[in-house]
Amino acid sequence: MDRILNTSDGYHLHARFEGTGDGKIIFLHGFPFNNSQWFPQLESLGGHFSMLAPDLRGLGRSTGPVEPSAYSMAVYAKDIAEWFSDSGWDHAVVAGLSMGGYVAFEFLRHFPDRVCGLLLMDTHPYADSVQTLAERRRSQRLVESEGPRVIVESVLEKVLGPTTRSARPEIVQQARDMIIQASPHGVTGALRAMSARPDSSQDLSNITVPTLVLVGEEDMITPPEQVRQWTDSIPDSSLHIIPSAGHLISLEAPVSVNRAIITFMESLPG
Ligand code: MLT
């Protein structure tokens with residue numbers, strides 16, 4: 001079911017809501033995608049959980065400000081809090097993939113009582129390096145002058161694993177469509193929000209909720225060996241590597257990801 005939230009600052013955010021179970025999950029998508037990256041979860045897990053997958057402001061069908069400077073992780077996190085209130089949810093498991101993970105860290109900092117578990121996928125807690133900041137500035141200029149189409153090939157090359165790129169043309173097409181359909185301001189806003197985000201690595205040892213970290217075996221952006229290094233700092237955490245998948249595991253390996261989500265949700269207290 002599609003839902004619309006009118007934010008307190010006047011934007012219209014879209015989300016898909018599915019399922020009826022007691023366990024609640026909010027899914028936060030990566031850059032520069034939208035909530036359709038979670039359709040394999042929404043379509044298979046509805047008998048188990050209640051799930052909400054918003055389009056972050058400016059992306060997918062959600063409207064957002066035109067100026068990149070109006071975007072930040074704090075603003076995305078506030079939108080997520082508004083989704084909780086709108087849904088009547090006290091707390092939920094927060095699942096974030098890559099940029100969605102950055103939003104999850106920010107949400108946990110601002111609204112810790114709302115989070116009863118974390119599902120961190122193909123993400124990391126560190127702020128941008130000098131090199132990444134320069135790449136983001138370059139992408140921002142390119143998207144401003146030529147639109148999101150200009151970054152399609154460079155994003156696809158890094159985001160999808162070699163197995164998907166050679167054997168699953170329909171997933172490649174789906175990822176390509178999400179990028180092409182993104183609004184220029186949503187993309188440049190997300191680039192700005194990621195560039196300005198704080199480092200979250202010092203917060204890891206204070207995370208008290210159960211945390212499952214998933215990463216694709218073929219992830220080139222956040223490779224498993226790098227993810228293993230920070231996962232150990234979260235007290236109640238485990239790491240699961242998803243075979244034959246790159247960075248976009250929710251689409252590339254839905255069967256393995258869904259199985260891991262069910263096992264994790266069943267392990268939560270209460
Ligand atoms: C993503 O998939 O969201 C991006 O790889 C995040 C990033 O560019 O840091």
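**The ligand and the pockets**

Reply: In this predicted model, a backbone N or O atom of F31 lies 2.7 Å from an oxygen atom of the ligand.

Me: And M99, what does a polar backbone atom there lie 2.9 Å from?

Reply: The partner of that M99 backbone atom is an oxygen atom of the ligand, at 2.9 Å.

Me: What about H247, which part of that residue is 3.0 Å from a ligand oxygen atom?

Reply: For H247, the side chain is involved: one of its N or O atoms is 3.0 Å from an oxygen atom of the ligand.

Me: How much of the ligand's accessible area does the protein cover?

Reply: On its own, the ligand has 270 Å² of accessible area, and the protein covers 89% of that.

Me: Which residues are around it, then?

Reply: The residues around the ligand are G30, F31, S98, M99, Y102, R136, M194, I221 and H247.

Me: How does that shell divide by class?

Reply: The shell around the ligand has five nonpolar residues, three polar residues and one charged residue.

Me: Where does the ligand sit?

Reply: The ligand is located in the largest pocket.

Me: How much space lies in the largest pocket?

Reply: The largest pocket holds about 820 Å³ of space. Its lining has 32 residues, of which T132, E135, R136, K158 and I221 are the closest to its centre. R136 and I221 also belong to the residues around the ligand.

Me: Which elements give two or more residues to that lining?

Reply: Those elements are α3 (99-110), α4 (130-146), α5 (152-159) and α8 (184-195).

Me: Which one gives the most?

Reply: The element α4 does, with seven residues in the lining of the largest pocket.

Me: And the classes in that lining?

Reply: The lining of the largest pocket consists of 15 nonpolar, eleven polar and six charged residues.

Me: Changing topic: how much space lies in the second largest pocket?

Reply: About 340 Å³ of space lies there. The second largest pocket is lined by 18 residues, and those closest to its centre are D22, G23, K24, C116 and G270.

Me: Which elements give two or more residues to the second lining?

Reply: For the second largest pocket, they are the elements β3 (23-28), β5 (92-97) and α11 (254-267).

Me: Last one: how does that second lining divide by class?

Reply: The lining of the second largest pocket has nine nonpolar residues, five polar residues and four charged residues.

How values were computed: Residues numbered from 1 in each chain as written. Predicted model: local features only at pLDDT ≥ 70, side-chain atom pairs only at ≥ 80, totals over all residues. Heavy atoms only, no water. Near = heavy atom within 4 Å. Polar contact = N/O pair within 3.5 Å; in protein donor to acceptor, adjacent residues only side chain to side chain. Areas by Shrake-Rupley, 256 points an atom, 1.4 Å probe, with all protein chains shown as cover. 1 Å grid on protein atoms, 1.4 Å probe; cavity = no way out; pocket = protein on both sides within 12 Å on 5 of 7 lines; lining within 4 Å. Sits in = over half its atoms within 2 Å of the grid points. Nonpolar A, V, L, I, M, F, W, Y, C, P; charged D, E, K, R; others polar. Points joined across faces, edges and corners; volume = space filled by probe spheres on them. Helix = DSSP H or I, 4+ residues; strand = E, 2+ residues; numbered from the N terminus.
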